[in-house]
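Open the model in your viewer and keep the selection panel handy. We will go from the whole chain down to single residues and back out again.

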Amino acid sequence: MSALRIKKGASKKSAYDLHNPNASDVQSHTLAMIVDNEAGVLARVIGLFAGRGYNIDSLTVAEIDHTGHHSRITIVTSGPPAVIEQIKAQLGRIVPVHEVHDLTLEGHSVERELALIKVAGAGEKRVEALRLADIFRSNVVDSTLESFTFEITGTPEKIDAFTDLMRPLGLVEIARTGVAALSRGAK
Amino acid sequence: MTRQMTGAKMVVQALKDQGVDVVFGYPSGAALPIYDEIFLQNDIRHVLVRHEQGAVHAAEGYARSTGKPGVVLVTSGPGATNTVTGLMDALLDSIPLVVMSAQVPTFMIGTDGFQEADTVGITRPCTKHNWLVRDADDLAEVMHQAFHVATTGRPGPVLVDIPKDVQFATGSYTTKNKSETAHYQPRVKGDIDAITELVALIEKAERPVFYTGGGVINSGTGASQLLRELVGATGFPITSTLMGLGAYPASGENWLGMLGMHGLYEANMAMHDCDLMICVGARFDDRITGRVDAFSPNSTKAQIDIDPSSINKVIQVDLPIVGDIGHVLEDLLRVWKARGRKINKDALRAWHGQIDEWRALKCLSYTPDAEIIKPQYALERLQALTADADRYITTEVGQHQMWAAQYLHFEDPNRWMTSGGLGTMGYGLPASIGVQMAHPDALVINVAGEASFQMNLQEMATAVQFRLPVKQFILNNERLGMVRQWQDLLHGSRYSQSWSESLPDFVKLADAFGCKGRLVTDPADLDDAIAEMLAYDGPFILDVMVTKHENCYPMIPSGEPHNKMLMGDDTTEDAIGTAGAALV
C-alpha cells in the first residue's frame, strides 16, 4: 500500500495504489501509445479501460507532433500478465492508435512524474520542509509567509516518499501529473 | 481536379463510388438534405424501414448474405439512438456496416437542441470506429475511410455523424482512390514459421478437430473453399460455431455439426477429447467453451484469427497465428502439400471410429407426436421441403434459433444470418428483408419464435411496400421458450413472465399488413402449409403452433464442461450448480 493518505477522493482503489498486495501475479506495466490527436481519441482509450474493467493507475496525454497531429498517451496499468496482453491487443484495435509499446517489457525505460505540493507551516516545521525539499532536489515555485509550493520531479515512488515526509510538516494540497516515460537507449 | 459539391451530395457520391446499391434508412429533420439528394438520383435504392433498429438489422442481413458492407442512413437523436442495438449486434458478430447519422448543425451541438444526441459518444463502444464530421471538406474522405475501416481486418460497424450545416455546405470532393487509408492496414499474412509449426502438428495429430467460426465466412468464399479443400485432404473432423455454419457443407463427410451449449454431442465430445484443436476464425465464446478450466483439457490448441485480441482472451492457445483466414489456409495447404501431405492415418481411423460411436447416440432424436407439431419436426420438414432451393435462412433468438441451427443444413457460406454474440430478439425479420433486397429471386425464410417476431414486426410493412417475398416461419409455443427452459433448470419451473397472453392472430396480422398468413396446428397439415408458404408470391407468415413445453437439447448446462451434456431424456433437476447459476 502506498502511504499516501489524501482524504478527498481517496479510496482503496486510489489511482496511486500501484501495488496490490492481494494479487501476487498482478504486475504494473507502463504502456506508451502514439495516437492521432483527434476528437474523442482519449475517450476511446479510457472507455476501453472502463468498459472492460481494466485498471488505470496513471494517465498522461499531450500532443507531441503538432504538424502530424500525433499525441502520446502514457498509461500505467496493472493486472495479471494475460490481462496486460489483452489490454495491449485491445488498444491496438482502436483505429487512431498507431503504436502500442509496453515499456515494462521492452527493456529499460525512464519514468518521471511531476508534482506540485503545497505545505503550510511556521517555525521549525517550515525550515524542516525547506531542508527536506533541498535533499529531494525540489524547487520552491511559490511562497507566502505561511506556505511553500514545491515542484518535484521523479519516479512515482520518490514523489510518494516526499509527500509522506511533508504530511506532518503541513501538507495542504498536492497535484500530480501522472507518469511520462521513454525507453532508454538510442531508438 | 477536385469537384465542388454540397456535403449532402458528397454522401451520395461517395456511396456510388463505393458501389453501394441499397441503403436502409428513415428520414427526419437533420437528414433532409441527404434525403433530397437520394430523391434526385436513381442509382441507389433506399429501403424505408419502420424503425431504425430494423434498418441496421436489414443492413446486417444484406452484408452477411453478400460479403459487402450494409449501409444505413438515419436522422439525429432518436434515429441514431435506435441504431445502438443493431450496431452492438454487428460489432459482436463482426458484420461490416456503414451507418450515417445526421446531427444538429455544428453551431447547435452541445445546446441540447431538438433531436440532438451525443451520437459519437453513445456509439463509441458499439462501433469499430466513428466520426463526427465538422467540415464539408473532410466529409468525402471520412466516408471512404468509413468503408475501408468497416471492411478491412476484422469487419465491423462504423458510424459517420454528419451535422446538417455540413450537409448544406459546399466543399471539395475527394475520390475513393485519393483518400487516406494507409494507416489502418491490419496484417493479413500469417507468420510462415507458425504455419509450418501447425503443419507439423497436423502431421502427427491423433485426434484432431477443426473448430471453425464466422471468421471463415468473413474472410470470403475463397476461405470457405480452402477450408473444404483442407478438411477433404486431411480427413480431419470439423465442427463450427453458430456463426460459421455453411463454411463447410453439412453434407460433407467430416461434418460433426454445430458445437457449443446446444451443439451436437459428437461435436462437443470431439472438442473435449481431441489432442489437436485448430481454431479457425472463432473466438472461444462462452457459449462454446462451457466451463473454461475444464475446456478440452488434453489438446494442443492452435488459433488462426485476424484480430490479435481474440487470441488468449478466454482460452490460452499454444500456437497463435494472426492473419486473414484465406491467406493463412492457403499457406497452410501449400506447406502441408510441400512436406508430403502427411497425416497420422491409423490414429485418424480410430478417432473417426470413436466419433461414429458418439454419432450413434443420435443426440438430435426426439419423441414424435401425432397430435401436436414438435418444433424439431417442423424444422425437419422445412429442411426436407427446401433442401433443393438456394435458400437463405435468418432467425430470431431463442430455442427456435438453436433448433434451426441443429436441424437445418447449410451447404454454402452466406446463407445463414443469425444474431450470435448479442442474441438480439427482433433481428430475424428485418435481416430477412435485407437478404431479400440483396437476392431478389432467392428463397428467404426467417425462422422465428412468436415472441422475437413481435419485437420488430412493424417491418412486415417494409416487406410489403418493397414487394419482398420473405417467409416468416413462426414456431409458436406461446412462451419465451428459452427463458422458460432456464427457469426449468434454475428456478424450480417457476415461469416468471415467460409466457405470452393476448398474442396477436398472426393470420389476421398478415392480412392487416397486406400479405398472406396461415395457421397450422396439425402435424398432418404441416407439409401442405409449408408448400403454400413457399409457393406464395409475396411475404408470408406461417404460424406453426408447436409443443408448449419442449426443451432444447443437447445442452451443456452453465458451468459444466463439454462432456457433461444434458440429453433429451435427462432430468433437469439440479443440472446446474451454484457457480453455474450465476453465469448467463
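**Stop one: the whole of chain B**

Select chain B and colour by secondary structure: you should find 24 helices and 20 strands. The radius of gyration is 24 Å, close to the 25 Å that the globule rule gives for 584 residues, so chain B is as compact as a globular protein of that length. If you draw the principal axes, the C-alpha trace spans about 70 × 60 × 45 Å along them.

Keep in mind that this is a predicted model. Colouring by confidence is a good check here: chain B has a mean pLDDT of 96, with 99% of its residues at 70 or more. For the complex, the predictor gives an ipTM of 0.91 and a pTM of 0.93.

Two further numbers describe the chain before we zoom in. Of the 584 residues of chain B, 55% count as buried. Take the contacts in chain B between residues at least 6 apart in sequence, and 76% of them join residues at least 24 apart.

**Stop two: strand 5 and its partners**

Now select residues 97-103 of chain B, which make up strand 5; seven of its seven residues are buried. Show the side chains and look at which way they point. B:L97, B:V99, B:S101 and B:Q103 go one way, while B:V98, B:M100 and B:A102 go the other.

Which strands pair with strand 5 of chain B? Add residues 70-74 of chain B to the selection: this is strand 4, which runs parallel to strand 5 and is joined to it by five bridges. To find the pairing on screen, look for B:V72, whose bridge partner in strand 5 is B:V99. Then add strand 7, residues 157-163 of chain B, which pairs with strand 5 in the parallel sense over seven bridges. Here B:V98 is a useful marker, with B:V158 as its bridge partner in strand 7.

**Stop three: a buried glycine**

Next, centre on B:G214, which lies in helix 10 (residues 214-218) of chain B. Why does B:G214 count as buried? It has 26 C-beta neighbours inside 10 Å, and the cut-off is 20 or more. Leaving aside neighbours within four places in sequence, the contacts of B:G214 are B:D93, B:S94, B:T241, B:M243, B:G244 and B:G281. Try a distance label from B:G214 to B:T241: they are 27 residues apart in sequence, yet 7.3 Å apart in space, C-alpha to C-alpha.

**Stop four: the six-stranded sheet**

Move on to strands 15 to 20 of chain B, where six strands form an open, parallel sheet in the order 16-15-17-18-20-19. At the edges you will find strand 16 (416-417) and strand 19 (516-520) of chain B, each pairing on one side only. Inside the sheet, select residues 443-449 and 471-476 of chain B: these are strands 17 and 18, paired in the parallel sense over five bridges. B:I445 has B:K471 as its bridge partner in strand 18.

Now bring in helix 16 (residues 375-386) of chain B. Helix 16 lies across strands 15, 17, 18 and 20 of chain B, and runs at about 155 degrees to strand 18.

**Last stop: helix 21**

Finish with residues 481-490 of chain B, helix 21, where B:G481, B:M482, B:R484, B:Q485, B:W486 and B:L489 are buried. Among the elements that cover these buried residues are helix 17 (399-407) and strand 17 of chain B. Just after helix 21, click on B:G492, which takes a positive phi of about 55 degrees.

Note on methods:
Residues numbered from 1 in each chain as written. Chains lettered and ligands numbered in written order. Predicted model: local features only at pLDDT ≥ 70, side-chain atom pairs only at ≥ 80, totals over all residues. Buried ≥ 20, exposed ≤ 12 C-beta atoms within 10 Å, placed from the backbone. Helix = DSSP H or I, 4+ residues; strand = E, 2+ residues; numbered from the N terminus. Pairing = 2+ DSSP bridges. Contact = placed C-beta atoms within 7 Å. Rg over C-alpha atoms; globule rule 2.2 N^0.38 Å. Axes fitted to C-alpha atoms, helices over the stretch in contact; angles between N-to-C directions. pLDDT = per-residue confidence, 0-100.
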